[in-house]
Amino acid sequence: MSSSLRITCGAEPTRGSGTSPEIVANFFESLIYPFGFFHPTAGLLGELNLSRGVNSLLSPSQHLEFESVQQLAQTISDLDSISVALRHMDSEEFAIWCGLGKSNARTHLLQLIEEMQQARIRVKGAQLQLDFMHNQPSARSLLRSLTQLALVGVVCESRQLQKAWLTSTHQPLSKKWISKFESIKVFSGGGVLLEEESLRFVFRVKWKGVGDCEPAIGLFRNQLVIDVGGVRSFVELPAACSRMEPGNVRLSKNKFEIDLAVKESEWPRS
Amino acid sequence: MSDENNDKKSSSDLGSWLNSMGAPESVTELMPSDITGLDIAPILSMLGRVGIKSGVRGAQSGDATADEIRWLPIVRV
């Protein structure tokens, strides 16, 4: 998908004002308004970690700068984490808390979720540029950062990487490392539920790059969480998984599988 | 209800939370008690445990709840 957004990683960032995007402020204002407290607090916005760069991703700016590839990956992960939290807020707890129909809170919530989805589309299609002039990473740490970036769905072209490396080190990247970098494939964010035997299933996720990192894998409500060094990707699980008991994760070079056993007590008897 | 239970309840109600976020007590005193007494633990739990704090994995120890990530054992094959 094309995008007019250009992102530079590795350059010293241009610090923003630190203020929240208007839509975020409106959301919290309307959320708290029914209780007579009008202004979003710095504490709450701080908890949401917006100052680390999520603000930038939500802004309409055509050029964003991040200190490093890792920081970009972390910021996208933060954006996704907040999106997951907000989508869960659009639930019964949210209805109980705010009282649907009594305020514009849900309208702003949905606007904010939409805004985040649009930001995600822009980032995925962005033109990524690397600049190692101020901060020269090692090839090994860069491999990890680019794996994290691939986990959150953003690709870095090999040609761009080689050019940035040559400019900063005045030496070409070795064939060994080029091969390693090119083996990283962007995570598609999907998986498939397969029946292995009666009452036993696996949820299989394919991702080239998983074999070269140490992911943590977990479940949160209806979401599968894949975490590499704090950078997280979320995969929505099929509804049936909520009535299954997870077991081990079997991790191999290009995929992992989660064992799932049907909890008979959770299913209606025929 | 024991004192311990009272303390636990009051720490997650809306009034206490607004005060902890910097709202003056004069504001919360103007609000009806049935609103300031609302239990907002589910919302705070979601905001605090879904990975919003960067890089925090399993920040909460103890028994997992529906609003915590349940990390699974990994076996390399």
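Select A:K180 and A:W177 to begin: A:K180 lies over the face of A:W177, 5.8 Å from the ring centre (a charge sits over a ring if NZ of Lys or CZ of Arg is within 6 Å of the ring centre and within 35 degrees of the ring normal). The model is predicted, with local features needing pLDDT of at least 70, side-chain atom pairs counting only at pLDDT 80 or more, and totals for chains, interfaces and linings using all residues. Residues are numbered from 1 along each chain as its sequence is written, chains are lettered from A and ligands numbered from 1 in the order in which they are written, and side-chain values use heavy atoms, leaving out hydrogens and water.

Next, turn to the aromatic pairs, of which the whole structure has three over all chains (rings of Phe, Tyr and Trp, the last by its six-membered ring, pair if their centres lie within 6.5 Å; planes under 30 degrees apart count as stacked, over 60 as edge-to-face and the rest as tilted). Select A:F132 with A:W165: the ring centres are 6.5 Å apart and the planes stand at 80°, so this pair is edge-to-face. Both residues, A:F132 and A:W165, are buried (under 20% relative accessible area, with exposed over 50% and partly exposed in between; 1.4 Å probe, protein chains only).

Return to A:W177 and add A:F181: this aromatic pair is tilted, at 6.0 Å centre to centre and 35° between the planes. A:W177 and A:F181 are each buried.

Finally, select A:L224 and display its contacts (heavy atoms within 4.5 Å). Leaving aside neighbours within four places in sequence, A:L224 touches residues including A:F203, A:V205, A:I217, A:F256 and A:I258.
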